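Thanks for coming. I have one structure to go through today, and I will keep it short. Please have a look at it before I start.

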Amino acid sequence: MSRRIPLFPLPGVVLMPGTMLPLHIFEARYRAMVADALASDRTIGMAMLYPGWESGGEDPRIYSVGGAGEIVESEELEDGRYNILLEGRFRYRVVEESPANPYRVARVEEIRSVPFSDRAEEDRVTRAAAALFTSVSAQLELPPLPEEALSPERLASEIALRLRYTPPELQAILEADSLASRFETLAGRMLEWKGRLRFLAPFRPPELDPRRN
């Protein structure tokens with residue numbers, strides 16, 4: 001089943017499922033987009049621009065897979081600008097895009113993530129990932145994970161945002177349909193870091209900041 005949503009194309013911005021994205025809206029067309037979204041279902045689809053977007057004309061190329069979010073907080077400023085907070089709700093794939101008028105709109109289909117094969121595997125993988133992140137983050141002073149219980153999809157998103165991935169790497173994680181595949185990618189990054197920290201530990205002066213490795 002498909003639906004039409006407004007698109008907000010930005011360079012280097014990926015909205016991961018379950019995460020929060022603060023945005024300052026100042027362009028006239030996107031102020032109109034926010035006003036229209038607030039008057040309807042409050043949904044906006046974030047779309048990352050391809051490299052070279054600067055020379056892509058009025059409607060530069062976007063990745064066909066993105067993250068759609070709901071405006072959960074909004075503040076309209078006196079001059080018409082907005083401060084909004086988007087919460088990632090679902091992944092989408094663009095089916096058909098309409099000409100911008102004044103902002104871009106597309107018919108999209110929601111992409112459902114492939115869950116773990118069973119609850120036992122889900123518990124094993126998510127517990128191991130959370131424990132591994134705690135071990136690595138303690139040494140690198142990464143932001144802690146939220147304290148509340150997290151769904152597997154949101155846990156993967158929250159870890160990914162903390163592991164210093166480049167925007168294209170985050171986009172690749174967003175496009176992975178399988179939750180098991182996402183956690184495998186995240187575990188690989190964390191195990192690599194843990195191995196480096198272990199190898200360098202004997203050579204590191206006590207006062208050296210481990211975040212510089």
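I will go from the whole chain to one helix, and then to a cavity.

First, this is a predicted model. The chain has 213 residues, and 42% of them are buried. Its C-alpha atoms fill a box of roughly 60 × 45 × 35 Å along the principal axes.

What is the chain built from? There are five helices and six strands. Reading from the N terminus, the order of the elements is β-β-α-β-β-β-β-α-α-α-α.

Now to helix H2, which covers residues 119-140. H2 has 22 residues, and the distance from its first C-alpha to its last is 31 Å. That is close to the 32 Å expected at 1.5 Å a residue.

Which residues of H2 are buried? They are Val125, Thr126, Ala129, Leu132, Phe133, Val136, Ser137 and Leu140. These residues lie on the same side of H2, because they cover an arc of only 135 degrees around the axis. Some background helps with the spacing here. An α-helix has 3.6 residues a turn, so residues three or four places apart point the same way.

The other side of H2 has exposed residues: Arg119, Ala120, Arg124, Arg127 and Ala138.

Next, the two ends of this helix. At the N-terminal end, Asp118 acts as a cap on H2. One of the side-chain oxygens of Asp118 is 3.1 Å from the backbone nitrogen of Ala120. Ala120 is also one of the exposed residues I just listed. Just after H2 comes Glu141, with a positive phi of about 55 degrees.

Let me move on to the cavity. The count of cavities of 30 Å³ or more comes to one. The largest cavity holds about 30 Å³ of space.

What lines the largest cavity? The lining residues are Val13, Val14, Leu15, Met46, Ala47, Met48, Gly66, Gly67, Gln171 and Leu174. By class, seven are nonpolar and three are polar, with no charged residues in the lining.

Where do these residues come from? Strand S3 (43-48), strand S4 (65-76) and helix H4 (167-175) each supply at least two of them. S3 gives the most, with three residues.

To recap, H2 has its buried residues on the same side, and the largest cavity has a lining without charged residues. That is what I had; I will take questions now.

Definitions and conventions: Residues are numbered from 1 along each chain as its sequence is written. This is a predicted model: local features need pLDDT of at least 70, side-chain atom pairs count only at pLDDT 80 or more; totals for chains, interfaces and linings use all residues. Side-chain values use heavy atoms; hydrogens and water are left out. Helices (H or I, at least four residues) and strands (E, at least two) are DSSP runs, numbered from the N terminus. The expected span of a helix is 1.5 Å times one less than its number of residues. Buried means under 20% relative accessible area, exposed over 50%, partly exposed in between (1.4 Å probe, protein chains only). The arc is that of the directions from the helix axis to the C-beta atoms. A polar contact is a pair of N or O atoms within 3.5 Å; within protein, one must be able to donate a hydrogen and the other to accept it, and residues adjacent in sequence count only if both atoms are side-chain atoms. On a 1 Å grid over the protein atoms alone, a cavity is a set of points where a 1.4 Å probe fits but cannot get out, and a pocket is an open set with protein on both sides within 12 Å along at least five of seven lines; lining residues have an atom within 4 Å of a point. Grid points are joined across faces, edges and corners, and a volume is the space filled by probe spheres set on the points. Ala, Val, Leu, Ile, Met, Phe, Trp, Tyr, Cys and Pro count as nonpolar, Asp, Glu, Lys and Arg as charged, and the others, Gly among them, as polar.
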